[in-house]
Amino acid sequence: MAGWFKSKNDCYCAFCKSKRRIYPKKHASVGNFLMVMGFAICASTGLWTWWDPRSIAIFSVAMVSTEIFIYLRWRFSLVCTLCGFDPVLYRKSPELAREKVRLFYDTKTQDPKFLLSKSPLVDLYRKSTEIKRRNEIVTNFENKKNAASAPTGELVRRPNGSVVDRQV
Ligand SMILES: [Zn+2]
């Protein structure tokens, strides 16, 4: 019976593996249909009489709105809020889904609030910054080393006019 009122389900993101909650219902159910019908009859009774043909128009508009609302709620709940992965888009085009995750990463890593979140992308960002930092240190060290041990035979003119090897 509790399942009747349970609108969200637990699931795991296929990309970042984090646990999250989604709306599993994709379309309006018989229950929604009956509720909308009840609403249309009530509205019609309040405005005109309960059998007024204009209630059909109210019913149609309310039913279409309900269906759109339920579908969009399902669609947006599927996109992972921690990594931006969209499984529906991935089924249509893996390249587009990858670009979306890349865009999400580039945008979100500029946001300090996101860097305090539990997203697995934060770990990835920290690791990549650490690697970049180490690479810079190594490059700087190698540049200095190369500058210190310039190839012999490179001649430099000193201010007093004498020409010497650079290392001398
Ligand atoms: Zn995810």
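A helix axis here is a line fitted to C-alpha atoms over the stretch in contact, and the angle between two axes runs from 0 to 180 degrees between their N-to-C directions. Keep that in mind for the third stop of this tour. One more thing before you start clicking: the model you have open is predicted.

**Stop 1: the whole chain**

Show the protein chain as a cartoon and you can pick out seven helices and four strands. Follow the chain from the N terminus and the elements come in the order α-β-β-α-α-α-α-α-α-β-β. Now think about the inside and the outside: of the 168 residues in the protein chain, 9% are buried. Contacts are worth a thought too. Among those in the protein chain with a separation of 6 or more, 38% are between residues 24 or more positions apart.

**Stop 2: the hairpin of β1 and β2**

Select residues 9-12, which are strand β1, and residues 19-22, which are strand β2. These strands run antiparallel and are joined by four bridges. To see how they line up, click Asn9 and look across to Ile22 in β2. Then click Cys11, whose opposite number in β2 is Arg20.

Next, select Lys17, which sits in the loop between β1 and β2. This hairpin has six residues between its strands. What is the sign of phi at Lys17? Phi is positive there, about 65°, although Lys17 is not a glycine. For background, most residues other than glycine have a negative phi. Is Lys17 buried or exposed? Lys17 counts as exposed because it has 11 C-beta neighbours inside 10 Å, and the cut-off for exposed is 12 or fewer.

**Stop 3: two helices side by side**

Colour helix α2 (residues 30-47) and helix α3 (residues 54-78). They pack at an angle of about 145°, and their axes are 9 Å apart. Their crossing is right-handed. Turn on the side chains where they meet: α2 contributes residues including Val36, Phe39 and Ile41, while those from α3 include Ile58, Phe59 and Met63. Colouring by class shows 10 nonpolar, four polar and one charged residues in this contact.

**Stop 4: Pro24**

Move to Pro24, in the loop between β2 and α2. Pro24 is partly exposed, because 13 other C-beta atoms lie within 10 Å. Select Arg75 as well and draw a distance line between the two C-alpha atoms: they are 9.5 Å apart in space, although the residues are 51 apart in sequence.

**Stop 5: the core**

Which residues form the largest nonpolar core? Select Cys13, Cys80, Leu82, Cys83, Phe85, Val101, Phe104 and Leu121, eight residues in total. Zoom in on Val101. Leaving out residues up to four places away in sequence, Val101 touches Phe15, Cys83, Gly84 and Phe85.

**Stop 6: Ser119**

Finish at Ser119, in the loop between α6 (112-115) and α7 (120-148). Is Ser119 buried or exposed? Ser119 is buried, because 22 other C-beta atoms lie within 10 Å and the cut-off for buried is 20 or more. Again leaving out residues up to four places away in sequence, Ser119 touches Leu82, Cys83 and Phe114. Leu82 and Cys83 may look familiar, as they belong to the largest nonpolar core. For a last distance line, join the C-alpha atoms of Ser119 and Cys16: they lie 8.4 Å apart in space, with the residues 103 apart in sequence.

Note on methods:
Residues numbered from 1 in each chain as written. Predicted model: local features only at pLDDT ≥ 70, side-chain atom pairs only at ≥ 80, totals over all residues. Core = buried A, V, L, I, M, F, W, Y, C linked by C-beta atoms within 7 Å. Contact = placed C-beta atoms within 7 Å. Pairing = 2+ DSSP bridges. Left-handed = near helix turned anticlockwise from the far one by under 90°. Nonpolar A, V, L, I, M, F, W, Y, C, P; charged D, E, K, R; others polar.
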